[in-house]
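Ready for a walk through a fold? Keep your viewer open and your selection box handy, and follow along stop by stop.

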Amino acid sequence: MPLGATAAEVPDDPLDSSQWRYMARKYFRDASIVFDERVKVIAPDYAEDSLNTPVQVSAPDLEGVEQVLVFADMSPITKVLDYYPVKADPAIGFSFKVQQATPIRAAMRTADGTWHIGGTWVDAQGGGCTAPSVASADPIWETRLGETEARLWSRDSGGDRLKFRVVHPMDTGLAAGIPEFFITEVTITDDSGETLARLEPYEPVSENPVITLDLDARGPLTLAGRDNNGNRFEATVAEPAS
């Protein structure tokens, strides 16, 4: 059984992070907190590439999830992304930048306001958040900014799996002389305009982010987003062949 408490009475951290109580106060305040084995966070034990460390978050047995918050305790920018699975599973795959050894956690807020938390440690040599993006040294990167590729696959359980990639430097602002420049919002809608899922990435998400989502709906879909400089991108994704 999961152990729960409010942030005023923070439960002991199963990952034994020195930053856990600060994270609890920062993100959950007086909300109910539950360490829950149903929330799965899969990541490599060691980040071979600190600029591009893969993570898979899911909770197939947890119902009523309205928000997924992913954060890394020891990173200089702790919040990695917010995900709102409106008509989707509470599952997301992505890559992020690792500055140093850190827990990477997923907190899932259910309809009753409880945050269900899972996580794992990722060891790293470091430097991911303070390194400049590859795009920052490329004189022609602006010609491809926002270029979007996406594909759908039919799921046996119903709905589609969506995988998309957006060309964007995702600069953290922590590299000397390079300001923060990152995607702030991505919304997925069906052909009637109804929102299926909404994503808010933050600076630690890897350059040219590749995101995987499991939707409860079938295509065709529209994917639209913007960054913190007001640049917008949009793509239509056809229904997968049967």
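Start with the loop between α1 and β2, and select Arg29, which has its place there. Please keep in mind throughout that this is a predicted model. Check the backbone of Arg29: its phi is positive, about 45 degrees, although the residue is not a glycine. Now show the surface: with a relative accessible area of 65%, Arg29 is exposed.

**The aromatic cluster**

Stay in that loop and select Phe28, then add Trp115. How far apart are the two ring centres of Phe28 and Trp115, and at what angle do their planes lie? The model contains five aromatic pairs. In the pair of Phe28 and Trp115, the centres are 5.2 Å apart and the planes make an angle of 50 degrees, so the pair is tilted; the tilted class covers angles that are neither under 30 nor over 60 degrees. This pair links distant parts of the chain, since Phe28 sits in the loop between α1 (20–27) and β2 (32–35) while Trp115 belongs to strand β10 (residues 115–124), 87 residues apart.

Are these two residues, Phe28 and Trp115, buried or exposed? Phe28 has a relative accessibility of 3% and counts as buried, and Trp115, at 8%, counts as buried too. The cut-off behind this is 20% relative accessible area. Now widen the selection to Tyr27 and Phe71: ring pairs link Tyr27, Phe28, Phe71 and Trp115 into a cluster.

Next, step to Thr114, in the loop between β9 (102–110) and β10. Thr114 counts as buried, at 11% relative accessibility. Draw its contacts and, leaving aside neighbours within four places in sequence, you will find Ser32, Val34, Met108 and Arg109.

**Into the cores**

Select Val57, Phe94, Ile104, Ile188 and Leu213. Within the largest nonpolar core, which has 47 residues, these are the ones with the most contacts inside it. Pick Leu213 and show what surrounds it: not counting residues up to four places away in sequence, Leu213 touches Tyr83, Ala91, Ile92, Asp160, Arg161, Leu162, Phe164, Ile188 and Ala197. Apart from the largest core lies another one, of 14 residues, with Val10, Tyr27, Phe35 and Phe71 among them.

Then select Tyr84 and Arg198. Arg198 lies over the face of Tyr84, at 4.4 Å from the ring centre.

**A buried cysteine and an exposed isoleucine**

Go to Cys129, in the loop between β10 and β11 (148–154). Cys129 has 0% relative accessibility and counts as buried. Measure to Ile77 if you like: the C-alpha atoms of Cys129 and Ile77 are separated by 8.0 Å, with their positions 52 residues apart along the chain. Without residues up to four places away in sequence, the contacts of Cys129 are Pro76, Lys97, Val98, Gln99, Thr172 and Leu174.

For a contrast, select Ile42 in strand β3 (residues 40–42). At 57% relative accessibility, Ile42 counts as exposed. Setting aside neighbours within four places in sequence, Ile42 is in contact with Pro54, Val55 and Gln56. Now add Ala135: its C-alpha atom and that of Ile42 are 28 Å apart, for residues 93 positions apart along the chain.

**Two backbone details**

Select Gly219 and Pro220 and look at the peptide bond that joins them: it is cis, with omega about 5 degrees. Pro220 is found in the loop between β15 (210–215) and β16 (221–227). Then move to Asn208, in the loop between β14 (195–201) and β15. Phi of Asn208 is positive, near 50 degrees, in a residue other than glycine, and Asn208 counts as partly exposed at 23% relative accessibility.

**Zoom out**

Clear the selection and switch to a cartoon. The protein has one helix and 17 strands. Its radius of gyration is 18 Å, close to the 18 Å that the globule rule gives for 242 residues, so the protein is as compact as a globular protein of that length. Turn it along its principal axes, where the C-alpha trace spans about 50 × 45 × 30 Å.

Of the 242 residues, 53% count as buried. Among contacts with a separation of 6 or more, 66% come from residues 24 or more positions apart. Finally, show the accessible surface, which comes to about 11,500 Å², with 46% belonging to carbon and sulfur atoms.

Definitions and conventions
Residues are numbered from 1 along each chain as its sequence is written. This is a predicted model: local features need pLDDT of at least 70, side-chain atom pairs count only at pLDDT 80 or more; totals for chains, interfaces and linings use all residues. Side-chain values use heavy atoms; hydrogens and water are left out. Rings of Phe, Tyr and Trp (its six-membered ring) pair if their centres lie within 6.5 Å; planes under 30 degrees apart count as stacked, over 60 as edge-to-face and the rest as tilted. Helices (H or I, at least four residues) and strands (E, at least two) are DSSP runs, numbered from the N terminus. Buried means under 20% relative accessible area, exposed over 50%, partly exposed in between (1.4 Å probe, protein chains only). A charge sits over a ring if NZ of Lys or CZ of Arg is within 6 Å of the ring centre and within 35 degrees of the ring normal. A nonpolar core is a set of buried Ala, Val, Leu, Ile, Met, Phe, Trp, Tyr and Cys residues joined through side-chain atoms within 4.5 Å. Contact means heavy atoms within 4.5 Å. The radius of gyration is taken over C-alpha atoms; the globule rule is 2.2 Å times the number of residues to the power 0.38. Accessible areas come from the Shrake-Rupley method with a 1.4 Å probe; for residues, only the protein chains shown count as cover.
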